[in-house]
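Here is a walk through one protein model, taken strand by strand and then contact by contact. Keep the coordinates open as you read.

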Amino acid sequence: DLSGKYMYMGAIHYIMKVKRGAFSEHSPLLCEISRLRKWNDIYEGMLYMFKAEVLGKFPVVQHFVFGDHFPATWETSGSSRTARPNPFAMAEQQVSVVPGRPGGTDALTKYFATKSERARPSFESGIPQTTLPSTAPTVAVPTTVPAFTFLEDNKGISINGWLIKINNGRIANDSELEALKTNDGLDFPLPEMVFFSNYLSCIHQNSGIEVNFNPVDALKGCKIKRNETGEPDRELFKVKMHHKWQNRTDAHGMEIKQWRDDFDWTYTTTYAATIKDTSGACVKRRTSTKRIDYEMLKRKDPILWFGTTQLYEDDLFDNGDSSYTIKVRVMADCFFILGRMWLRVDDTYLRIFDTRIFHAFGQNDILIETCHQEASKEKLHQIGKDFLLTDHRNCKRPEQVDKKLPSIHAETQLVIV
């Protein structure tokens with residue numbers, strides 16, 4: 001209602017139209033700024049942030065068009081390429097502390113004179129449908145918040161003997177992809193986007209056990225394994241146009257050889273995290289009847305820190321999409337991780353492999369719950385859920401599909417720390 005009156009509200013209105021998902025996830029800073037009580041606080045903070053992050057960054061401001069209203073106040077020598085200081089720029093040692101503002105590593109603390117409340121991310125899709133509350137949400141239980149420390153640039157948190165950190169980097173270039181094939185055994189065509197430096201790491205400092213999600217181990221699961229009779233370890237299928245694809249020729253009219261069948265072209269992986277000890281050996285997991293405490297997760301306890309990252313993504317030759325994403329949240333009593341392999345093949349197939357990892361602080365175990373959901377177009381038709389493939393608004397959103405997709409297998413394992 002206020003988007004036509006205020007530029008700030010107009011910008012938020014536009015973002016809500018072009019982005020999907022929870023506001024707190026795709027625009028966490030704007031979400032936290034909206035909690036400020038006074039417009040003046042928002043105005044001053046945005047001005048501080050603009051001076052530091054835009055006018056204070058030469059690689060950004062060099063593209064501006066300067067004139068009488070906005071003069072350039074520095075000069076560059078053609079021979080020495082030396083420049084007088086940008087008067088808008090803040091000294092390097094002052095970047096983390098804006099004059100008149102409290103210090104801190106996150107933008108809200110730097111520029112808006114308030115501590116980040118870390119808006120609650122949407123993790124409802126990480127909780128199985130059968131455990132979702134049928135009545136009012138569980139109320140928060142008063143709890144003592146333990147001492148914790150945020151890592152630099154808010155990339156993680158140290159709490160209760162755990163060091164939890166996340167990294168988000170760029171897409172691997174050609175040379176880095178070649179290194180993955182040569183050094184890591186990924187000798188098959190890799191996804192279009194491999195975020196080779198992305199990872200989530202949770203280290204138990206007393207035992208040295210690490211729970212880790214990384215793209216190399218995830219992609220190793222895309223290799224197809226066959227038993228003695230040649231049966232693959234997964235359901236394999238082809239797209240609707242596979243006959244034309246098989247009969248394709250190159251520019252010289254020569255028939256192109258058969259596509260490789262030793263890896264899954266949909267980049268399906270059952271990867272459920274890498275858990276190792278201090279020697280680098282994989283820690284043994286054992287089947288458990290103990291279950292994740294979803295009642296604890298449904299409580300409205302404050303989220304101290306959360307993060308998201310992605311390991312890879314591919315559009316399957318414009319036939320759908322395949323990706324592996326990770327979300328983690330840390331509360332005063334526990335932490336929870338959702339690793340999700342998502343596959344959608346246009347008008348053909350839907351598949352989800354979820355890995356949920358839970359640890360309650362003070363306990364000596366880590367619970368790893370894996371859940372496999374999938375269905376073909378024919379199966380969805382049989383159970384009256386064709387809309388999961390035909391509703392183009394929702395079929396591309398895993399959080400809308402996972403609550404309705406048939407479950408194939410679920411298992412809970414346990415690791416002692």
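Start with one pair of residues: S158 has L163 in strand 3 as its bridge partner. The model is a predicted one. Strand 2 and strand 3 run antiparallel and are joined by four bridges. They make a hairpin, with two residues between the strands. N160 sits in that turn and has a positive phi of about 50 degrees.

Step back one strand. Strand 1 pairs with strand 2 (residues 156-159), again in the antiparallel sense, over three bridges. Here F148 stands opposite I159 of strand 2. This pair is a hairpin too, with five residues between the strands. D153 in the turn has a positive phi of about 60 degrees.

Now step forward. Strand 3 (residues 162-167) is joined to strand 5 (residues 199-204) by six bridges, and the two run antiparallel. Within this pairing, K165 has S201 of strand 5 as its bridge partner.

What sheet do these strands build? They belong to an open sheet of six strands, in the order 1-2-3-5-6-7, with antiparallel pairing. Strand 1 (148-150) and strand 7 (274-276) are its edge strands, and each pairs on one side only. From one strand to the next, the twist averages 10 degrees. As a rule, side chains in a regular strand alternate between the two faces of the sheet.

Strand 4 is missing from that order. Where does strand 4 go? It appears in an open sheet of eight strands, ordered 4-9-10-11-12-13-14-8, where the pairing is antiparallel. Strand 4 (193-194) and strand 8 (286-287) stand at the edges with a single partner strand each, so one side of each has no neighbour in the sheet. Inside this sheet, strand 11 (residues 334-345) and strand 12 (residues 349-360) pair antiparallel over 12 bridges. F336 has F358 in strand 12 as its bridge partner.

Turn to the helices. The secondary structure comes to 13 helices and 14 strands. Take helix 4 (residues 39-55). Its 17 residues, at 1.5 Å a residue, should span 24 Å; the end C-alpha atoms are 22 Å apart, which agrees. Which residues of helix 4 are buried? They are I42, G45, A52 and L55. These buried residues pack against helix 1 (7-18), helix 3 (28-33), helix 5 (58-61) and helix 6 (107-111).

Next come the charges. The structure holds 18 salt bridges. One of them joins D187 to K223, with the closest N and O atoms 3.2 Å apart. D187 lies in the loop between helix 7 (174-183) and strand 4, and K223 in the loop between helix 8 and helix 9, so the pair ties together parts that are 36 residues apart in sequence. Are these two residues buried or exposed? Neither: the partly exposed class runs between 20% and 50% relative accessible area. D187, at 42% relative accessibility, therefore counts as partly exposed. K223, with a relative accessible area of 32%, is partly exposed as well.

The loop between helix 8 (215-220) and helix 9 (242-246) also holds E231. E231 has 48% relative accessibility, so it counts as partly exposed. Leaving out residues up to four places away in sequence, E231 touches K225 and R226.

Other salt bridges are buried. D301 and R299 form one, with the closest N and O atoms 2.7 Å apart. Both D301 and R299 are buried. The side chains of R340 and D402 meet in another, at 2.9 Å from N to O. This pair links distant parts of the chain: R340 is in strand 11, D402 is in the loop between helix 13 (398-401) and strand 14 (407-416), and they are 62 residues apart. R340 and D402 are both buried. Salt bridges with shared partners join R340, D354, R356, E369, D402 and K403 into one network.

Finish with the whole chain. Of the 417 residues in the protein, 42% are buried. Among contacts with a separation of 6 or more, 63% come from residues 24 or more positions apart. The protein exposes about 23,400 Å², and carbon and sulfur atoms supply 53% of it.

Note on methods. Residues are numbered from 1 along each chain as its sequence is written. This is a predicted model: local features need pLDDT of at least 70, side-chain atom pairs count only at pLDDT 80 or more; totals for chains, interfaces and linings use all residues. Side-chain values use heavy atoms; hydrogens and water are left out. Two strands pair if DSSP finds at least two bridges between them. Axes are lines fitted to C-alpha atoms, for helices over the stretch in contact, and angles run from 0 to 180 degrees between N-to-C directions. The expected span of a helix is 1.5 Å times one less than its number of residues. Buried means under 20% relative accessible area, exposed over 50%, partly exposed in between (1.4 Å probe, protein chains only). Contact means heavy atoms within 4.5 Å. Accessible areas come from the Shrake-Rupley method with a 1.4 Å probe; for residues, only the protein chains shown count as cover. A salt bridge is a side-chain nitrogen of Lys or Arg within 4 Å of a carboxyl oxygen of Asp or Glu.
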